[in-house]
Amino acid sequence: MRRRAGVGAIQRQKIQQDKFKEKGSEIQENQLEQMTLQMEKFRENLEEFATKHKNEIKKNPQFRKQFQEMCASIGVDPLASGKGFWCEMLGVGDFYYELGVQMLELCVATSYRNGGVILLEEVLRRLNQRRRPDNQISSDDVVRAVKKLRVLGSGMEVVATGSSQFIYSIPGELSMDHTTLLQQAETVGHMTVCSAASSLGWTQERVGRTLDHLLRVGIAWRDDQDRPASFWFPAFFQQCTTAE
Amino acid sequence: MAEFEWPWQYSFPPFFTLQPNADVRRTQLDSWCALVVSWGKSNSVSQIDVTEASSLPVFKNNAISRALPVDGIKVVLDELAKRGNLEWTDKTRRRGYLLWRSPSEWGQQIYSWAQSTSRINNVCTLYEINQGDESADQEFHGLDGDILLKALKTLEVTGKAELMDFGDNQGIKFL
């Protein structure tokens with residue numbers, strides 16, 4: 001009789017344990033379901049918000065930026081795919097795609113004179129000139145558009161200098177030395193091999209080598225009527241950047 | 001006549017140094033040719049003499065103390081000749097006609113004017129064409145005599161006009 005009771009106890013215990021486990025996973029499942037429902041709700045709210053404020057997003061650069069950051073914080077990227085709600089309903093993807101194309105056109109059109117380096121400020125000014133006043137873009141938009149284009153292998157890159165940013169769009173990457181020299185160029189406008197060597201703490205040979213490449217692609221021009229010869233950069237020459 | 005608007009390159013010191021890299025130089029020469037042609041048109045310059053060219057304002061910018069050196073000027077003029085915008089007067093290549101329009105373009109303009117001023121089947125002097133009151137509003141007004149003759153010859157070749165000699169004067173009959 002006792003043995004039977006023993007087995008029974010174990011069996012009862014097992015049944016109880018199973019019941020607890022079931023309950024446990026039931027609880028977990030519940031929680032998961034809850035969470036999923038909440039996320040769904042949140043996404044729906046976000047989509048509703050986006051639809052309601054679609055025009056605002058398209059027209060107001062500041063609002064657009066904050067919206068993007070909000071999306072990023074919950075792991076949503078409205079620009080990621082060409083399909084789906086975000087792209088179709090909002091047209092946000094199109095917005096940056098179109099902007100990217102306009103930027104590429106601008107870079108190609110001006111590269112004959114600046115060698116493929118253009119100040120972000122100049123891009124902004126020229127593109128906004130062509131856009132309606134209620135449809136202006138910000139530097140944040142430009143940077144995002146470049147990032148999107150890079151994913152497509154456009155070869156465009158945003159480089160920061162001390163005070164501002166420039167975009168380069170030439171085939172072949174610029175090395176650290178090239179960009180460092182360009183950052184210096186943006187500050188001083190023009191330089192000699194000596195002045196650059198002393199400002200950057202480089203050997204003259206290193207400056208010369210770096211300048212050679214920039215001369216070859218037309219980013220730098222040499223002025224032999226200066227003593228000693230100096231080097232100038234159309235991309236940072238005021239009259240060039242404001243010319244028609 | 002409105003003040004000539006200098007392009008940004010004109011204020012850019014290195015523009016007056018021929019750039020070493022071939023691709024960049026090609027861009028530079030494009031800019032130089034466009035500048036010389038538009039400057040010439042704006043200032044009614046019809047001839048350029050190589051020996052005097054260095055003093056022309058188009059080839060030197062005193063504001064930035066830069067001037068295109070003589071061999072640079074020669075390269076630009078050669079390039080203009082290649083593009084049909086300059087015609088050397090002789091083999092020495094010391095002087096050339098600056099043609100911001102080709103002779104046949106001038107010819108066509110003059111013929112249109114002749115049509116609109118009822119000069120067809122009439123004779124008129126060359127003076128009337130480039131100096132007369134009736135052409136004062138035309139682009140070819142004040143056109144250099146030699147270039148005018150070239151233009152009219154293109155009309156002769158296409159049977160639209162017949163050049164005539166009246167001793168001292170030269171005339172043309174539009175057909």
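1. In this note, two residues are in contact, or touch, when they have heavy atoms within 4.5 Å. The model is predicted, so local features need pLDDT of at least 70 and side-chain atom pairs pLDDT 80 or more, while totals for chains, interfaces and linings use all residues. Residues count from 1 along each chain as its sequence is written, chains are lettered from A and ligands numbered from 1 in the order written, and side-chain values use heavy atoms, without hydrogens or water.

2. Let's start with B:Gln9, in the segment before H1 of chain B; helices (H or I, at least four residues) and strands (E, at least two) are DSSP runs numbered from the N terminus. B:Gln9 is buried, as its relative accessibility is 9%; buried means under 20% relative accessible area, exposed over 50%, and partly exposed in between, with a 1.4 Å probe and protein chains only. Leaving aside residues up to four places away in sequence, B:Gln9 touches B:Phe15, B:Phe16 and B:Ser31.

3. Two of those neighbours of B:Gln9, B:Phe15 and B:Phe16, bring us to the rings. Rings of Phe, Tyr and Trp (its six-membered ring) pair if their centres lie within 6.5 Å, and the planes are stacked under 30 degrees apart, edge-to-face over 60 and tilted for the rest. The whole structure holds 18 aromatic pairs over all chains. One of them joins B:Phe15 to B:Phe16, edge-to-face, with 6.0 Å from centre to centre and 85° between the planes. Both of these phenylalanines are buried.

4. B:Phe16 also pairs edge-to-face with B:Trp32, at 5.4 Å centre to centre and 85° between the planes. B:Phe16 lies in the segment before helix H1 (22–42) of chain B and B:Trp32 in that helix, so this pair ties together parts 16 residues apart in sequence. B:Phe16 and B:Trp32 are both buried. If you follow the ring pairs further, you find a cluster made of B:Phe4, B:Trp6, B:Tyr10, B:Phe15, B:Phe16, B:Trp32 and B:Phe59.

5. Elsewhere in chain B, please have a look at helix H3 (residues 103–116) and helix H5 (residues 145–157), which pack at about 75° with their axes 7 Å apart. Axes are lines fitted to C-alpha atoms, for helices over the stretch in contact, and angles run from 0 to 180 degrees between N-to-C directions. H3(B) and H5(B) are therefore roughly perpendicular; under 35 degrees counts as roughly parallel, over 145 as roughly antiparallel, 65 to 115 as roughly perpendicular and the rest as oblique. From H3(B) the contact uses B:Pro103, B:Ser104, B:Trp106, B:Gly107, B:Ile110 and B:Tyr111, and from H5(B) B:Ile147, B:Leu148, B:Lys150, B:Ala151, B:Leu152, B:Thr154 and B:Leu155. By class, this contact has 9 nonpolar, 3 polar and 1 charged residues, where Ala, Val, Leu, Ile, Met, Phe, Trp, Tyr, Cys and Pro are nonpolar, Asp, Glu, Lys and Arg charged, and the others, Gly among them, polar.

6. Some backbone details may interest you. Most residues other than glycine have a negative phi, and most peptide bonds are trans. B:Ser65 is not a glycine, yet has a positive phi of about 50°. B:Ser65 sits in the loop between strand E2 (60–61) and strand E3 (66–67) of chain B and is exposed, at 56% relative accessibility. B:Ser118, also not a glycine, has a positive phi of about 55°. You will find B:Ser118 in the loop between H3 and strand E6 (123–125) of chain B, exposed with a relative accessible area of 57%. In chain A, the peptide bond from A:Arg227 to A:Pro228 is cis, with omega near -5°. A:Pro228 belongs to the loop between strand E5 (221–223) and strand E6 (230–232) of chain A.

7. Now to chain A as a whole. Chain A has 11 helices and 6 strands, and 39% of its 244 residues are buried. Among the contacts in chain A with a separation of 6 or more, 55% are between residues 24 or more positions apart.

8. Helix H8 (residues 176–188) of chain A holds A:Gln184, which is buried at a relative accessible area of 17%. Beyond residues up to four places away in sequence, A:Gln184 touches A:Met191, A:Ser199 and A:Leu200. A:Thr179 lies in helix H8 of chain A too and is buried at 10% relative accessibility. With the same sequence neighbours left out, A:Thr179 touches A:Val159 and A:Leu174. The C-alpha atoms of A:Thr179 and A:Tyr168 are 9.9 Å apart, and these residues are 11 residues apart along the chain.

9. Lastly, the cysteines. How many disulfides (pairs of cysteine sulfur atoms within 2.5 Å) does a search of the whole structure find over all chains? The search finds 0. A:Cys107 is buried, with a relative accessible area of 3%, and B:Cys124 is buried at 4%.

How values were computed. A disulfide is a pair of cysteine sulfur atoms within 2.5 Å.
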